[in-house]
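Please open the model in your viewer and keep the residue numbering visible, since each stop on this tour begins with a selection.

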Amino acid sequence: MSEWVSWTNAFYMIGVIIAGIATLVATKYKNIVKEMGDVAKKLEEGYKDGKLTKAEKDAVMKEVIDVMKSVLKAKWGLF
């Protein structure tokens with residue numbers, strides 16, 4: 001029994017628990033991360049020529065609004 005109870009096994013168990021919690025958090029906020037990736041993609045596309053036009057700014061702001069909507073949905077489930 002004493003070979004089962006050790007500091008190494010305790011640290012391993014703590015690591016498994018932290019990984020499980022991180023997985024639960026990641027699944028909850030998956031939409032937010034996806035939307036933030038869309039914002040980054042729009043900004044990258046907009047700055048290819050070195051400046052952001054009004055249409056590109058509008059597209060980026062639409063993506064930012066989608067991120068905020070995802071945050072509200074994850075936090076309160078409003079939408």
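In what follows, a contact means that heavy atoms lie within 4.5 Å of each other. Bear in mind throughout that the model is predicted.

**Stop one: helix α2**

Select residues 30-46, which make up helix α2, a run of 17 residues that reaches 24 Å from its first C-alpha to its last, close to the 24 Å expected at 1.5 Å a residue. Within α2, now colour Ile 32, Glu 35, Val 39 and Gly 46, which are buried. They lie on the same side of α2, because the arc they cover around the axis is only 65°. If you then turn the view to the face of α2 that points away from its buried side, you will find the exposed residues Lys 30, Val 33 and Glu 44 there. What covers the buried residues of α2? The cover includes α3.

**Stop two: Ser 70 in helix α3**

Select residues 54-76 to bring up helix α3, and within α3 pick out Ser 70. Is Ser 70 buried or exposed? With a relative accessibility of 14%, Ser 70 counts as buried, because buried means under 20% relative accessible area. Once its neighbours within four places in sequence are set aside, Ser 70 is in contact with Asn 31, Ile 32 and Glu 35; of these contacts, Ile 32 and Glu 35 are among the buried residues of α2.

**Stop three: the salt bridges**

The structure holds 4 salt bridges, and it is convenient to start with the one in α3 that joins the side chains of Lys 54 and Asp 58, at 3.6 Å from N to O. These two residues are 4 residues apart in helix α3 and are therefore separated by about one helical turn. Lys 54 is exposed, at a relative accessible area of 63%, whereas Asp 58 is partly exposed, at 42% relative accessibility.

Next select Asp 66 and Lys 62, whose side chains meet in a salt bridge of 3.0 Å, N to O. Asp 66 counts as buried at 17% relative accessibility, while Lys 62, with a relative accessible area of 47%, is partly exposed. Both lie in helix α3, 4 residues apart, or about one turn of the helix.

Returning to α2, one finds that Lys 34, Glu 35 and Asp 38 are joined into one network by salt bridges that share partners. Within that network, the side chains of Asp 38 and Lys 34 meet at 3.3 Å, N to O, and Lys 34 is partly exposed, at 47% relative accessibility.

Terms used
Residues numbered from 1 in each chain as written. Predicted model: local features only at pLDDT ≥ 70, side-chain atom pairs only at ≥ 80, totals over all residues. Heavy atoms only, no water. Buried < 20%, exposed > 50% of the residue type's maximum accessible area, 1.4 Å probe, protein only. Expected span 1.5 Å × (residues − 1). Arc of directions from axis to C-beta.
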